[in-house]
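This report asks how the nonpolar surface, the interior and the charged pairs of one protein model are arranged. Please keep the sequence and the structure in view while reading.

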Amino acid sequence: MRAPSRTTSHAKGLTLGIIGVLLLSPDTLIIRLVDADPWTFIAWRGALMTIGMFVILTLRFGYTMFARTYAIGWLGILIALMFALNNVFFQLSVQNTSVANTLVIIATAPLFAALFSVAFLRERVPSRTWIAIVLSALGVGMVFIGELGTGNLFGNLAALISAVGLGLHFVLVRLGRPVDMSPAIGVAGFFIVAIGLVMAPDLYLDPRQFGLLAILGLVLLPLSFVFLTRAPTYIPAPEVSLIILLETMLGPLWVWMAIAEQPSVQTMAGGALIIVVLVIHSVISLRQSRLTPEAALASGSVVNPAE
């Protein structure tokens, strides 16, 4: 069978990442609408996500699902643990500092992904990606200008840990190629629900809360994370992290449409900057992927010596 071209693989990675972010983007809105105890939310989120992932993996792999899960190995367990801790620290950050502080700090994830790619994968991160990271961070800052405060030190630190973990998560998934690491997200669900059960004061949710959380946990999160976990197989981890920044703009738009909380002019301007930067970066990346490896190296594209 003929191997897919570099252009086709890159386009597939971008498509997977964008679809994943689109599915994930209502997450903030649903958290606002559910309005439950954070640890109760985490426990149910983990439980429902585990069930949703089990269904998706069964439909995708059939009777080989357990073999596929076993194939992720210890690296997959590490990815699952990292993913679970990212979820917990994100929730702790939202609890202990402003949402603006949390999301601006989380926006540093592409920077950490780029640094980890250089350190662990020995991938050369092109200058266009570094520039896109800086400009996207500027766009995120514009989204939340005027809302940033000193916040709580622990909350800010929790957001920083989550950002580092998110960048490392995508790098570890890319490191695990060609093994499909999506079953690791199902394993992560067990870690998340275990942490939530230990900390939650109770598990009570009214029918409306449970219905909204079921949509998120059973459908949106599993599908989103399957796409986002597959994306680093085809494109570098820093690019996947950049795509994640789309949620920074899409989240407020969902809130605006659902509960009439109109975003500010700065939010719209910052979101527009993020979209423009990501579109330009994606177009340039696709054009570079058509070059031969020698020409790509000369022009500054990412090159993985292992490939």
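## A nonpolar patch on the surface

A patch, as the word is used here, is made of residues with over 30% relative accessible area and no salt bridge, and nonpolar side chains are joined into one when they lie within 5 Å. In this predicted model, such a nonpolar patch is formed on the surface by Ile 51, Phe 54, Val 55, Leu 59, Phe 66, Leu 218, Val 219 and Leu 223, whose accessible area together is about 770 Å². Two elements, helix 3 (38-61) and helix 11 (207-230), each give two or more residues to the nonpolar patch, and the largest share, four residues, comes from helix 3.

Leu 218 may serve as an example from this patch. Leu 218 is found in helix 11, and with a relative accessible area of 33% it is partly exposed, a value that satisfies the patch criterion of over 30%. In soluble globular proteins, by contrast, nonpolar side chains tend to be buried together.

## Overall composition

The secondary structure of the protein comes to 15 helices and zero strands. Of its 307 residues, 50% count as buried, while the protein exposes about 14300 Å², of which carbon and sulfur atoms supply 72%. When contacts between residues at least 6 apart in sequence are considered, 88% of them join residues at least 24 apart.

## The nonpolar interior

The largest nonpolar core has 70 residues, and those with the most contacts inside it are Val 21, Met 49, Phe 83, Leu 216, Phe 225 and Leu 228. The largest share of this core, nine residues, comes from helix 3, the helix that also supplies the largest share of the nonpolar patch on the surface. Phe 225, if residues up to four places away in sequence are not counted, touches Leu 24, Met 49, Phe 83 and Ile 185; Met 49 and Phe 83 are themselves among the core residues with the most contacts.

## Salt bridges

How many salt bridges does a search of the whole structure find? The search finds three. One of them joins Asp 27 to Arg 45, with the closest N and O atoms 3.2 Å apart. Because Asp 27 lies in helix 2 (residues 27-34) and Arg 45 in helix 3, this pair ties together parts that are 18 residues apart in sequence. Asp 27 counts as buried at 7% relative accessibility, and Arg 45 is buried as well, with a relative accessible area of 8%.

A second salt bridge links Arg 60 with Asp 180, the closest N and O atoms being 2.7 Å apart. Since Arg 60 lies in helix 3 and Asp 180 in the loop between helix 9 and helix 10 (183-199), the pair ties together parts that are 120 residues apart in sequence. Arg 60 counts as partly exposed at 38% relative accessibility, whereas Asp 180 is buried, with a relative accessible area of 10%. Asp 180 also forms a salt bridge with Arg 230, where the closest N and O atoms are 3.8 Å apart. Arg 230 lies in helix 11, so this pair ties together parts that are 50 residues apart in sequence. Through shared partners, salt bridges join Arg 60, Asp 180 and Arg 230 into one network, in which both Arg 230 and Asp 180 are buried.

## Two local environments

Ser 162 lies in helix 9 (residues 153-175) and is buried, with a relative accessible area of 5%. Its side chain reaches the backbone oxygen of Asn 86 at 3.3 Å. Leaving aside neighbours within four places in sequence, Ser 162 is in contact with Asn 86, Phe 89, Phe 90 and Ile 106, so that this polar residue has two Phe residues among its contacts.

Ala 36 lies in the loop between helix 2 and helix 3 and is partly exposed, with a relative accessible area of 22%. Although Ala 36 and Tyr 204 are 168 residues apart along the chain, their C-alpha atoms are separated by 8.9 Å. When neighbours within four places in sequence are left aside, Ala 36 is in contact with Leu 205 and Gln 209.

How values were computed: Residues are numbered from 1 along each chain as its sequence is written. This is a predicted model: local features need pLDDT of at least 70, side-chain atom pairs count only at pLDDT 80 or more; totals for chains, interfaces and linings use all residues. Side-chain values use heavy atoms; hydrogens and water are left out. Patches are made of residues with over 30% relative accessible area and no salt bridge: like charges are joined within 9 Å, nonpolar side chains (Val, Leu, Ile, Met, Phe, Trp, Tyr) within 5 Å. Accessible areas come from the Shrake-Rupley method with a 1.4 Å probe; for residues, only the protein chains shown count as cover. A salt bridge is a side-chain nitrogen of Lys or Arg within 4 Å of a carboxyl oxygen of Asp or Glu. Buried means under 20% relative accessible area, exposed over 50%, partly exposed in between (1.4 Å probe, protein chains only). A polar contact is a pair of N or O atoms within 3.5 Å; within protein, one must be able to donate a hydrogen and the other to accept it, and residues adjacent in sequence count only if both atoms are side-chain atoms. Contact means heavy atoms within 4.5 Å. A nonpolar core is a set of buried Ala, Val, Leu, Ile, Met, Phe, Trp, Tyr and Cys residues joined through side-chain atoms within 4.5 Å.
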